[in-house]
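The following exercises concern a single protein chain. Each task is followed by a solution that proceeds step by step.

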Amino acid sequence: MDWTEVTIFTATAGIEPVTALLEEMGIEGYALEDAADFAEFLESTEIYWDYVDEKLKEELSQQETKIKIYLPDSEAGEAQYRTLCSRLAELKAQDQEGAWGRLETASALTRQADWEWGWKQYFKPFPVGETFLIKPSWEECVPGEGRRILEIDPASSFGTGSHDTTQLCICALEQTVQGGERLLDMGTGSGILSIAAAMLGAQADTAVDIDEHCLACAVENAQKNGVSIGRTLHGDALRDPALAAEIGGGYQIICANIVADIIIGMAPMFWGQLAPGGTLICSGILDERADEVRQALEAQGFAAPVHTASGGWSAFVAKKPV
């Protein structure tokens, strides 16, 4: 499917009303470019730069605030775009002081093929951990002794295996999986962690993601590697109690390669979902946030989480006591 990139021109003060409007329309994903953030960044990081081009500095500080969303290039997407434009006009009429910016839009077609495959030339086979050689489907190679091929085509999903956070999780899985463990993959992306776990002998029971495209991608990647993912569930388990209930519990392993704030927020959920003696593997954590995550896990009851780090990123392996 192709996509229409819609740019909404607003102002810092308009971010909250515009994003609230998007949420009312069921549009939860967006990219924000805030002029105030540019100015703050330039001021707060000035001491770390040997030289900053004054023209560039001026251009960044004068950037107009933008919110970008992606709508399907279809009749439904066009109808949603028309509704958005109408709702923005209503919002602009409420803004008597003009504090919320232009509240106008621009659109451009983003072809799925260009989005998904533009990076192919840079994705080459590489080893991860002690047992895997990760490669895309279009590359041919022979694994070295003691390694097995994990074939992954992430498309627009996160997870080629090259990122430090993914590698930290795969290494933790190699140390954790003994065989037969029921696994939950929270924020599955390309499915790479579910697939690695299944290849190691775990039962990849449930994969969850807020992006339906990721789930389809994960299932396709699992099939390429001769393994399966039992269930794929779409949504935000933190905000959707019904989804959280559907995910259920009794897992022996949970993988969560997300971000620090979400891991902290989900710590009670992970505790409830894990069987006694189960293991939580979490990453996506900047090193400077590692202590916060550790404290949240320990406060929940996880005993002495084991910390590993690579390239400025941290991971934890935390056991739930029996």
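**Exercise 1: The surroundings of threonine 105**

Task. Determine which residues threonine 105 contacts, leaving aside its neighbours within four places in sequence.

Solution. Step 1: with those neighbours left aside, threonine 105 is in contact with Val6, Thr7, Ile8, Phe9, Tyr81, Cys85 and Leu88. The model examined here is a predicted one.

Step 2: threonine 105 belongs to strand S4, which comprises residues 104–110.

Step 3: one of the contacts can be specified further, since the side chains of threonine 105 and tyrosine 81 form a polar contact at 2.8 Å.

Step 4: the exposure class follows from the relative accessible area. Threonine 105 has a value of 24% and is therefore partly exposed, as the buried class requires a value under 20% and the exposed class one over 50%.

Step 5: for a pair separated in sequence, consider lysine 66, which is 39 residues from threonine 105; their C-alpha atoms are 9.4 Å apart.

**Exercise 2: The sheet that contains S4**

Task. State in what order the 4 strands of the open sheet are arranged, and whether the pairing is parallel or antiparallel.

Solution. Step 1: the order is S2-S3-S1-S4, and the pairing is antiparallel.

Step 2: strand S2 (31–33) and S4 are the edge strands, each pairing on one side only.

Step 3: on average, neighbouring strands of this sheet are turned by 20 degrees against each other, direction ignored.

Step 4: strand S1 (residues 3–10) and strand S3 (residues 65–72) are joined by 8 bridges in the antiparallel sense. In one of these pairings, threonine 4 has leucine 71 of S3 as its bridge partner.

Step 5: helix H1 (residues 15–24) packs on the sheet and touches S1, S2 and S3; the direction of H1 makes about 10 degrees with that of S3.

**Exercise 3: Cysteines and disulfides**

Task. Give the number of disulfides, and classify cysteine 85 and cysteine 141 as buried, exposed or partly exposed.

Solution. Step 1: the criterion is a pair of cysteine sulfur atoms within 2.5 Å. Applied to this model, the criterion yields 0 disulfides.

Step 2: cysteine 85 has a relative accessible area of 33% and is therefore partly exposed. Cysteine 141, with 24%, is likewise partly exposed.

**Exercise 4: A buried asparagine and a covered helix**

Task. Locate asparagine 257 and identify the polar contacts of its side chain with threonine side chains.

Solution. Step 1: asparagine 257 lies in strand S11, residues 251–257.

Step 2: its relative accessible area is 12%, so asparagine 257 is buried.

Step 3: the side chain of asparagine 257 makes a polar contact with that of threonine 165 at 3.3 Å and with that of threonine 166 at 3.5 Å.

Task. Establish how many residues of helix H7 are buried.

Solution. Step 1: helix H7 spans residues 192–200, and 9 of its 9 residues are buried. Among them are Ile192, Ser194, Met199 and Leu200.

Step 2: just after H7, glycine 201 adopts a positive phi of about 115 degrees.

**Exercise 5: The chain as a whole**

Task. Summarise the secondary structure, burial and contacts of the chain.

Solution. Step 1: the chain contains 11 helices and 14 strands.

Step 2: 42% of its 322 residues count as buried. The chain exposes about 16200 Å², of which carbon and sulfur atoms supply 51%.

Step 3: among contacts with a separation of 6 or more, 66% involve residues 24 or more positions apart.

Note on methods:
Residues numbered from 1 in each chain as written. Predicted model: local features only at pLDDT ≥ 70, side-chain atom pairs only at ≥ 80, totals over all residues. Heavy atoms only, no water. Buried < 20%, exposed > 50% of the residue type's maximum accessible area, 1.4 Å probe, protein only. Helix = DSSP H or I, 4+ residues; strand = E, 2+ residues; numbered from the N terminus. Contact = heavy atoms within 4.5 Å. Areas by Shrake-Rupley, 256 points an atom, 1.4 Å probe, with all protein chains shown as cover. Polar contact = N/O pair within 3.5 Å; in protein donor to acceptor, adjacent residues only side chain to side chain. Pairing = 2+ DSSP bridges. Axes fitted to C-alpha atoms, helices over the stretch in contact; angles between N-to-C directions.
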